[in-house]
Amino acid sequence: DLSKDDIVVHILSEIPDVDKKINDILVQNRLPGKNFRLVLLSQEDLKSTKIKILIADPALIAPYLSSLQEVEWIQSTWAGADAMMRAISKMTEPYVPNFKFTRLGGVLGPVMVEYIFSHILSIERKLKEYHQQQSEKIWRQLEIR
């Protein structure tokens, strides 16, 4: 049962356990007198559900933008807005979004550094070559710079 102070947040994402992660953040940063109810959606649900607040992967919601008539705020799970902009530019009818769209920014720096560093390490340590050798049952040490 919803009270007048409950805030329903719909979620559409391919990120595993994203609802649990969002719930943890909400619990840590509790707003006094506000209760959040998280509702996981499928793409089909976008056509029939009244949505005011949506946290979503842009590529999943982009094809359904015109059917999101009552949405007030979409929070992207990505840093970029390309998928949304492409979807809007391809619409045959003129479309002006009547909602706020915020992207995930300023938090991915450390993750990107780790990702890039792991690729550099993989190249320098010749992990691809070792993988190939192992699949051929060859166990020879490679020269590493």
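**Exercise 1. Strand partners**

Which residue in β4 is the bridge partner of alanine 56? Once you have that, work out how the whole sheet is put together.

*Solution.* Keep in mind that you're looking at a predicted model.

Step 1. Find alanine 56 and look across to β4: the partner there is serine 76.

Step 2. Zoom out to the two strands. β3 and β4 run parallel and are joined by four bridges.

Step 3. Now look towards β1. This strand also pairs with β3 in parallel, over three bridges, and leucine 12 has alanine 56 as its bridge partner in β3.

Step 4. Go on to β5. Three bridges link β4 and β5, again in the parallel sense, and tryptophan 73 has lysine 100 as its bridge partner in β5.

Step 5. Put the strands in order. You get an open sheet of five strands, β2-β1-β3-β4-β5, with parallel pairing. At the edges sit β2 (35-40) and β5 (100-102), each of which pairs on one side only. From one strand to the next, the twist averages 20 degrees.

Step 6. Add a helix. Helix α1 (residues 18-28) packs on this sheet and touches β1 (6-12), β2 and β3. The angle between the directions of α1 and β2 is about 170 degrees.

**Exercise 2. Two faces of one strand**

Sort the side chains of Ile53, Leu54, Ile55 and Ala56 in β3 by the way they point, and decide whether they are buried or exposed.

*Solution.*

Step 1. Start with the general pattern: in a regular strand, side chains alternate between the two faces of the sheet.

Step 2. Check it here. Ile53 and Ile55 point one way, while Leu54 and Ala56 point the other way.

Step 3. Look at the cover. Residues on both sides of β3 are buried: Ile53, Leu54, Ile55 and Ala56.

**Exercise 3. A residue on an edge strand**

Describe the surroundings of phenylalanine 101, which belongs to strand β5.

*Solution.*

Step 1. Ask how much of the residue is accessible. Its relative accessible area is 27%, so phenylalanine 101 counts as partly exposed.

Step 2. List its contacts, skipping neighbours within four places in sequence. Phenylalanine 101 touches Pro58, Ile74, Ser76, Ala81 and Met84.

Step 3. Compare sequence with space. Leucine 54 is 47 residues away along the chain from phenylalanine 101, and their C-alpha atoms are 9.6 Å apart.

**Exercise 4. Hunting for salt bridges**

How many salt bridges does a search of the whole structure find? Name the partners and say how accessible they are.

*Solution.*

Step 1. Recall the idea: side chains of opposite charge can pair when their charged atoms come close. The cut-off to use is a Lys or Arg side-chain nitrogen within 4 Å of an Asp or Glu carboxyl oxygen.

Step 2. Search the structure, and three turn up.

Step 3. Take aspartate 17 and lysine 20, whose closest N and O atoms are 3.5 Å apart. Aspartate 17 is partly exposed at 45%, and lysine 20 is exposed at 51%.

Step 4. Next comes the pair of glutamate 44 and lysine 47, with 3.3 Å from N to O. Glutamate 44 is partly exposed, at 48% relative accessibility.

Step 5. Finish with lysine 52 and glutamate 72, where the closest N and O atoms are 3.2 Å apart. Lysine 52 is in the loop between α2 (45-48) and β3 (53-56), and glutamate 72 is in the loop between α3 (58-61) and β4 (73-76), so this pair ties together parts 20 residues apart in sequence. Both partners are partly exposed: lysine 52 at 45% and glutamate 72 at 44%.

**Exercise 5. Surface and backbone extras**

Find the residues that make a nonpolar surface patch of about 400 Å², then inspect phi for lysine 126 and lysine 137.

*Solution.*

Step 1. The patch is made by Met112, Tyr115, Ile116 and Ile120. Methionine 112 lies in helix α5 (residues 109-124) and is partly exposed at 43%.

Step 2. Before turning to phi, remember that most residues other than glycine have a negative value.

Step 3. Lysine 126 has a positive phi, near 55 degrees. You'll find this residue in the loop between α5 and α6 (127-135), partly exposed at 24%.

Step 4. Lysine 137 isn't a glycine either, yet its phi is positive, at about 60 degrees. Lysine 137 sits in the segment after α6 and is exposed, at 68% relative accessibility.

Key:
Residues are numbered from 1 along each chain as its sequence is written. This is a predicted model: local features need pLDDT of at least 70, side-chain atom pairs count only at pLDDT 80 or more; totals for chains, interfaces and linings use all residues. Side-chain values use heavy atoms; hydrogens and water are left out. Buried means under 20% relative accessible area, exposed over 50%, partly exposed in between (1.4 Å probe, protein chains only). Patches are made of residues with over 30% relative accessible area and no salt bridge: like charges are joined within 9 Å, nonpolar side chains (Val, Leu, Ile, Met, Phe, Trp, Tyr) within 5 Å. Accessible areas come from the Shrake-Rupley method with a 1.4 Å probe; for residues, only the protein chains shown count as cover. Two strands pair if DSSP finds at least two bridges between them. Axes are lines fitted to C-alpha atoms, for helices over the stretch in contact, and angles run from 0 to 180 degrees between N-to-C directions. Contact means heavy atoms within 4.5 Å.
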